[in-house]
Amino acid sequence: MQIGVYGAGYLGTVISACLADFGTPVTCCHPDSSRMVEMAQGNVPFYEKNLNEVIRRNVRCGRLVYSTDIESFARKSQFIFLAEDTPHNLDNLVLRIARLAPKATTLSIVTPVAVGTATALEKTLKHQKLDATVVSQPVFFTPGCAVEDFNWPDRILLGTASNDAVLIVKQIFHPLVMRGVPVIVTNHETAELVRQASTAFVATKISFINELSSLCEKVGADAVNLSLALGLDKKIAPRCLQPGAGMGGLFADSDMDSLVYLAREKNVNLRVLSAAREVNQGFADSMADKISTMVQPLQNKDVGILGLAFKPNTNSVAGSASLRLAQSLIAKGARVRAYDPVAIPDARLELNGSVQYCESAYAAAEGVDALVVGTGWPEFRGLDFDRIKHLLKRPLIVDTKNLLDSVRLRALGFEYVGMGRS
């Protein structure tokens, strides 16, 4: 079967590469010729763990092809994933592909869309007398783990009334189906809503443990052990229950905005989600306040930040608590130096020239009054902290991710401050 993926952004790049890795011929199509050439050469415009290797090996063996010819793409592809990062112009794209396809084609909508989009598209196709099947197929990728999430998903979710479409999807994802990954078939609206609800629930979970970590500091409890004990409860589960985490990523805000808009439109008050978003958005300000109490006055003091990406193994700074923390510190009069292994180019676009960017963690630590771990990059655990202690003006480390060994650092003479820990 010849598979088509339309989209050259984050979703289209990951999906086309990973589908080709199943051994299926895949064409990734987009009108941006320069982007297609770069992709064919393995030059991905964003950082995603293991993705470059997947693309290179499938391009090399001919399973993955990049094209700008949408007419040929529509004629040859028996199943097409619509995987742009935004739904802009999705209606026109669906109609164009349906008109170009020589026979009935199946269009799987992976692009994050508002609830009701697929049903509206089906009505439009029917009105235009075009024969195409629409499937709602949201995917659940975490930046930095997208290849792993594709190959080891929790479920395959399909919104469709077509049994034939379900059988085709099961054939395409045969390696996952044979491994026992559940396939959930429902209607369009449910599939579209699951994506937004999933994002909202994770945001709620993160906000909950971050609020509890503040309580832990007041009563002398340990938030890390608290989250471990809670997570081992099978009703709760441990993932996304670590104090210091933040809700971010390319689609997090848009998913929650879409859900809030839908609820308002239907006169439903999502009070839990509103509270969770408020906590999540205020996390950086609360951390800046904490740093301010330890470094008084913060005005004209130097603060080093390790990590600007919203999580490890990605260059995305969308929704990054570390980025917001830098902005909060600057607003309080501090001078900020920062280092991140891959996210500095993206951070520059957000922070402009307000931050001094460094080429290493050691350069970020040099002469600062406090060193902040803002992103949980594993490499920060292996730093030479004897060297860092001599570089710091004051041996103060604020670990917003509880990444480092607090016992060892205190033994080395550091003032160590974690999240929800005494």
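A search of the whole structure, which is a predicted model, turns up 11 salt bridges. One of them joins the side chains of Asp 255 and Arg 195, with N and O 3.1 Å apart, and it connects helix 12 with helix 10 across 60 residues of sequence. Helix 10 is a good place to start looking around, so the briefing begins there.

**Helix 10 and what follows it**

- Helix 10 is built from 32 residues and spans 47 Å from its first C-alpha to its last, close to the 46 Å expected at 1.5 Å a residue.
- Just after helix 10 comes Gly 220, whose phi is positive at about 80°.

**Helix 10 against helix 12**

- Helix 10 covers residues 188-219 and helix 12 covers residues 252-265; their axes come within 9 Å and cross at roughly 110°.
- Because of that crossing angle, helix 10 counts as roughly perpendicular to helix 12.
- On the helix 10 side, the contact is made by Leu 193, Arg 195, Gln 196, Ala 197, Thr 199, Ala 200 and Ala 203.
- Helix 12 answers with Ala 252, Asp 255, Met 256, Ser 258, Leu 259 and Leu 262.
- Sorted by class, this contact holds eight nonpolar, three polar and two charged residues.
- Arg 195 and Asp 255, the salt-bridge partners, both appear in the contact, and both are buried.

**Helix 10 against helix 6**

- Helix 6 (residues 117-127) also packs with helix 10, at an angle of about 145° and with the axes 7 Å apart.
- Here Thr 117, Ala 118, Thr 119 and Glu 122 of helix 6 meet His 188, Glu 189 and Glu 192 of helix 10.
- By class, this contact of helix 6 with helix 10 has one nonpolar, three polar and three charged residues.

**Salt bridges elsewhere in the chain**

- Arg 335 pairs with Asp 302 in a salt bridge, the closest N and O atoms being 2.8 Å apart.
- That pair links distant parts of the chain, with Arg 335 in strand 10 (residues 335-339) and Asp 302 in strand 9 (residues 302-306), 33 residues apart.
- Arg 335 has a relative accessible area of 41%, so it is partly exposed.
- Its partner Asp 302 has a relative accessible area of 15%, which means that Asp 302 is buried.
- Glu 415 and Arg 394 form another salt bridge, and their closest N and O atoms are 2.8 Å apart.
- Glu 415 belongs to strand 14 (residues 415-417), while Arg 394 sits in the loop between helix 17 (385-391) and strand 13 (396-399), so this pair ties together parts that are 21 residues apart in sequence.
- Glu 415 is partly exposed at 34% relative accessibility, and Arg 394 is partly exposed with a relative accessible area of 27%.
- Asp 253, Asp 257 and Arg 277 are joined into one network by salt bridges that share partners.

**An enclosed helix near the start of the numbering**

- Helix 1 (residues 10-20) has 11 of its 11 residues buried, so it is largely enclosed by the rest of the structure.
- Among the buried residues of helix 1 are Tyr 10, Leu 11, Val 14, Ile 15 and Leu 19.
- The buried set in helix 1 also includes Gly 12, Thr 13, Ser 16 and Cys 18.

Key
Residues are numbered from 1 along each chain as its sequence is written. This is a predicted model: local features need pLDDT of at least 70, side-chain atom pairs count only at pLDDT 80 or more; totals for chains, interfaces and linings use all residues. Side-chain values use heavy atoms; hydrogens and water are left out. Axes are lines fitted to C-alpha atoms, for helices over the stretch in contact, and angles run from 0 to 180 degrees between N-to-C directions. Helices (H or I, at least four residues) and strands (E, at least two) are DSSP runs, numbered from the N terminus. Angles under 35 degrees count as roughly parallel, over 145 as roughly antiparallel, 65 to 115 as roughly perpendicular and the rest as oblique. Contact means heavy atoms within 4.5 Å. Ala, Val, Leu, Ile, Met, Phe, Trp, Tyr, Cys and Pro count as nonpolar, Asp, Glu, Lys and Arg as charged, and the others, Gly among them, as polar. A salt bridge is a side-chain nitrogen of Lys or Arg within 4 Å of a carboxyl oxygen of Asp or Glu. Buried means under 20% relative accessible area, exposed over 50%, partly exposed in between (1.4 Å probe, protein chains only). The expected span of a helix is 1.5 Å times one less than its number of residues.
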